[in-house]
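Student: I've got a model open and I keep running into labels I'd like to pin down. Can we go through them one at a time?

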Amino acid sequence: MIDLYTWQTPNGEKPVLMLEECGLDYRLHMVDISAGEQKTPEFLAINPNGKIPALVETTAVRTDAVFESGATLVYLAEKTGRFLPPSGPERYETLAWTFFQAGGTGPMLGQWYHFEKSAPEKLPYAIERYRKESLRLLGVLDERLKDREWIAGAYSIADMMNFGWVRTGLSALKTEGAADLSNLFAWTERVGSRPAVKAAIEKLDQAKRAKTG
Ligand SMILES: N[C@@H](CCC(=O)N[C@@H](CS)C(=O)NCC(=O)O)C(=O)O
């Protein structure tokens, strides 16, 4: 059985998208990061970095504990043989666009959000630096999508990895209707209309409401 520890955030959503696409059975454990549940000794035993998401799979012969959203997607892809080519250039292209998110839009948008919304002091240099870099990264993805339906070959973990951050970034950076990001807007519509994506978003929403009331 797979136990998924997560919360309703762009990173927390990723393994739920994959579990729903693959039709796997799993138990959803909501870890309230606003209440500090990701720093409890029980959770740190699963992810020493104290961040969601993380998953644990227990079978008759072994227990696997996996943290980092990208690693959870690769784990599930290798378990099912789906959404990540098994070898060759297509596999590395998919992994490259998967980790592009982990090292790019995630940290840059995260820092922009912090300096724009949470920092006690308004630092125009920091706000502008992370805003510009976030927009540049979204532009790289937009260019990538100008002549293709999905980020790397068929729909893959690269799309699942990028979806939540692109959606959040496009809306938080107030890019509505930006002509130079039109391929990206069209792609978010395509991803968002997949039944598994709708089911994942709905499940997380319900689970969060059940936990926080
Ligand atoms: N690189 C990590 C980032 C995980 C991450 O930043 N998770 C956030 C929620 S989106 C979190 O747990 N924040 C709580 C904290 O930092 O204490 C991944 O992709 O899994």
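**Labels and the values behind them**

Tutor: Sure, and keep in mind that this is a predicted model. Let's start with Lys 174, which sits in the loop between H6 and H7.

Student: Why is Lys 174 called exposed?

Tutor: Its relative accessibility is 64%, and exposed means over 50%, so Lys 174 earns the label. Lys 174 also has a positive phi of about 55 degrees, although it is not a glycine.

Student: What about Glu 68, then: why is it called partly exposed?

Tutor: Glu 68 has a relative accessible area of 43%. Buried needs a value under 20% and exposed one over 50%, so Glu 68 goes in between, as partly exposed. You'll find Glu 68 in the loop between E4 and H3, and it is another non-glycine with a positive phi, here about 75 degrees.

Student: Which residue just after H3 takes a positive phi?

Tutor: That's Gly 81, with a phi of about 70 degrees.

Student: How do you know that the length of H3 agrees with what a helix should span?

Tutor: H3 covers residues 69–80, twelve in total, and at 1.5 Å a residue they should span 16 Å. The end C-alpha atoms are 17 Å apart, so the two values agree. Buried residues in H3 include Gly 70, Leu 73, Val 74 and Ala 77, and among the elements covering the buried residues are E1, H1, H4 and H6.

Student: What makes Thr 9 buried, when it lies in the loop between strand E1 and helix H1?

Tutor: The loop position doesn't decide it. Thr 9 has 17% relative accessibility and the cut-off is under 20%, so Thr 9 counts as buried. Setting aside residues up to four places away in sequence, Thr 9 touches Ile 33 and Ile 52.

Student: Which backbone nitrogen lies 2.9 Å from a polar atom of the Thr 9 side chain?

Tutor: The one of Gly 12.

Student: You mentioned Ile 52. What kind of peptide bond joins Ile 52 and Pro 53?

Tutor: A cis one, with omega about 5 degrees. Pro 53 lies in the loop between helix H2 and E3.

Student: How do you know that Pro 15 is buried?

Tutor: Its relative accessible area is 0%, and the label asks for under 20%, so Pro 15 is buried. Pro 15 is in helix H1. Leaving out residues up to four places away, it touches Leu 4, Pro 53, Thr 72, Leu 73 and Leu 76.

Student: And what makes Ile 157 buried?

Tutor: The reasoning runs like this: Ile 157 has a relative accessible area of 0% against a limit of under 20%, so it is buried. Ile 157 lies in helix H6. Its contacts beyond four places in sequence include Met 18, Leu 73, Val 74, Ala 77 and Thr 98. The C-alpha atoms of Ile 157 and Gly 70 are separated by 8.4 Å, though the two are 87 residues apart along the chain.

Student: Why is Thr 188 called buried?

Tutor: Thr 188 has a relative accessible area of 11%, and buried means under 20%, so the label fits Thr 188. Thr 188 is in helix H7 and touches Phe 163, Val 166, Arg 167 and Leu 170, not counting residues up to four places away.

Student: How do you know that the buried residues of H5 line one face of the helix?

Tutor: Among the buried ones in H5 are Ala 126, Tyr 130, Ser 134, Leu 137 and Leu 141. Looking down the axis of H5, the buried residues fall within an arc of 165 degrees, so they line one face. Helices H4, H6 and H7 are among what covers them. On the other side of H5, Pro 124, Tyr 125 and Lys 132 are exposed.

Student: Last one: how is the chain divided into domains?

Tutor: Domain 1 takes residues 2–82 plus 196–212, and domain 2 takes 88–194. Their C-alpha centres lie 21 Å apart, and 17 residues of domain 1 are in contact with 17 residues of domain 2. Separately, an unreviewed UniProt entry places "domain: GST N-terminal" at residues 1–84 and "domain: GST C-terminal" at residues 87–213. Residues 1–84 are 35% helix and 24% strand, whereas residues 87–213 are 76% helix and 0% strand.

Definitions and conventions: Residues numbered from 1 in each chain as written. Predicted model: local features only at pLDDT ≥ 70, side-chain atom pairs only at ≥ 80, totals over all residues. Heavy atoms only, no water. Buried < 20%, exposed > 50% of the residue type's maximum accessible area, 1.4 Å probe, protein only. Helix = DSSP H or I, 4+ residues; strand = E, 2+ residues; numbered from the N terminus. Arc of directions from axis to C-beta. Contact = heavy atoms within 4.5 Å. Polar contact = N/O pair within 3.5 Å; in protein donor to acceptor, adjacent residues only side chain to side chain. UniProt positions renumbered as here; feature names shortened; annotations may be inferred. Domains from an automatic or database assignment. Expected span 1.5 Å × (residues − 1).
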